[in-house]
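Me: I would like to go through the terms used for a structure and see what each one rests on. Please set each value against its definition before drawing a conclusion.

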Amino acid sequence: MTSSLFLNISYLIALLSLAIFSRQCEGARAFFVFGDSLVDNGNNNFLMTTARADSLPYGIDYPTHRPTGRFSNGLNIPDIISEHIGSEPTLPYLDPELQGDKLLVGANFASAGVGVLNDTGIQFVNIIRIGDQLRYFQQYQQRLSQLIGAEQATQRVNQALVLITLGGNDFVNNYYLVPYSFRSRQFALPDYVKYVISEYKQVLGRLYQLGARRVIVTGTGPLGCVPAELALRSRDGNCDMELMRAASLFNPQLVQIINELNSEVGADVFVAANAYQMHFDYISNPQAFGFVTAKVACCGQGPYNGVGLCTPASNVCPDRNAYAFWDPFHPTEKANRLIVSQIFSGSTDYMHPMNLSTILAVDEMKFK
């Protein structure tokens, strides 16, 4: 009798917990993430690829102090955005735990190594290229429809927040990957940028077709300033001017296509995040943001700790908060928090036409 009563109570508690979780999920808007290693939170852990962050010291400052697939010492940009919108972090789409009510939170489709172009990151072999990320998004919506019905699923997707981060790899892991790369022989840099931008516009258009109605689109950061490029290209510690030129060509054209798309759909669906300026603020004056250095990575080896990968055998700094870069390419959690603070509350110099806090306020009125 006692054991039967205990089981019934346990069952009721489980049902109540599930109902509370569902209500919380329904209250917070869904969040979807697309892109590369700056926003991947573990999809590549489920793939046979070298583009993985599945061993220490990655994750050393994550709540579990274990690697999760995030290319960070701790939280990455999507995690911190989730904090701001009052939601739990999205799960990687390939994670088997993404089922049932977990689907209501959203999903992260990003995959380290990818770019706008399909041939970007071919050295990593098995990654989720952006076309496949969009196909997974379509598949996700079918699964959500089975859970809550087609009408509710469409509404949840339409009201979701979307983040997409692409472009950097199309330069560092394609055009400039090796001297005389195929793309650099095929295109002069200005023509290559136009080509990447034209392909990116199609990607964003497809996102809209799939129901996305609030999309934060990040430009590229100062590509020539990351420790990997300083180690490879810089003799005096200054940012590589050729990669900086690539970013200076790419970012204004990205803003231009965002404006064009918004005009075409008659609404501010796409929001441009000036990642270049967000990063360059602390790179150009690290001490003002509490960093000791924005040239040397916390984890790595060789000049600027910028050679090779961050591995258990690498040098690792004792104070991650003193470093802007965690590994040769990726920011520390502290730097990610600075970036998200500008996404959330930055002026139109950083977020165009509006920042995330404005988006949330406008949409709260619209969805009432």
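Me: How many nonpolar, polar and charged residues does the lining of the second largest cavity have?

Reply: The lining of the second largest cavity has three nonpolar, five polar and no charged residues. The model is a predicted one, in which local features need pLDDT of at least 70 and side-chain atom pairs count only at pLDDT 80 or more, while totals for chains, interfaces and linings use all residues. Residues are numbered from 1 along each chain as its sequence is written, and side-chain values use heavy atoms, with hydrogens and water left out. The classes follow a fixed list: Ala, Val, Leu, Ile, Met, Phe, Trp, Tyr, Cys and Pro count as nonpolar, Asp, Glu, Lys and Arg as charged, and the others, Gly among them, as polar. The residues that line this cavity are Ser-37, Leu-38, Phe-71, Ser-72, Asn-76, His-330, Pro-331 and Asn-336, and by that list Leu-38, Phe-71 and Pro-331 are the nonpolar ones.

Me: What makes a space a cavity and not a pocket?

Reply: On a 1 Å grid over the protein atoms alone, a cavity is a set of points where a 1.4 Å probe fits but cannot get out, whereas a pocket is an open set with protein on both sides within 12 Å along at least five of seven lines; a residue lines either of them if it has an atom within 4 Å of a point. Grid points are joined across faces, edges and corners, and the volume is the space filled by probe spheres set on the points. Two cavities of 30 Å³ or more are present, the largest having a volume of about 90 Å³ and the second largest about 40 Å³.

Me: Which elements give two or more residues to the lining of the largest cavity?

Reply: They are helix 10 (275-284) and helix 11 (333-345), and helix 10 gives the most, with three residues. Helices here are DSSP runs of H or I with at least four residues, strands are runs of E with at least two, and both are numbered from the N terminus. Among the lining residues are Leu-38, Ile-77, Thr-165 and His-279, and by class the lining has six nonpolar, four polar and no charged residues.

Me: How much space lies in the largest pocket, and which residues lie nearest its centre?

Reply: About 970 Å³ of space lies in the largest pocket, and of the 48 residues that line it, Ser-37, Asn-169, Asn-173, Phe-329 and His-330 lie nearest its centre. Helix 5 (169-175), helix 8 (227-233) and helix 10 are the elements that give two or more residues to this lining, with helix 8 giving the most, four residues. The lining of this pocket does include charged residues, six of them, beside 25 nonpolar and 17 polar ones.

Me: How do you know that Asp-119 forms a salt bridge with Arg-183?

Reply: A salt bridge asks for a side-chain nitrogen of Lys or Arg within 4 Å of a carboxyl oxygen of Asp or Glu. The closest N and O atoms of Asp-119 and Arg-183 are 2.8 Å apart, so the pair meets that limit. Asp-119 lies in the loop between strand 2 (106-108) and helix 3 (130-148) and Arg-183 in helix 6 (residues 182-186), so the pair ties together parts that are 64 residues apart in sequence. The structure holds 15 salt bridges, and in another of them Arg-70 and Asp-79 have their closest N and O atoms 2.6 Å apart.

Me: Why is Asp-119 called partly exposed?

Reply: Buried means under 20% relative accessible area, exposed means over 50%, and partly exposed is in between, with a 1.4 Å probe and protein chains only. Asp-119 has 22% relative accessibility, and therefore counts as partly exposed. Its partner Arg-183, at 10%, falls under the limit and is buried.

Me: What is the relative accessible area of Arg-135, and is this residue buried or exposed?

Reply: The relative accessible area of Arg-135 is 51%, so this residue is exposed. Asp-132, with which Arg-135 forms a salt bridge, is partly exposed at 30%.
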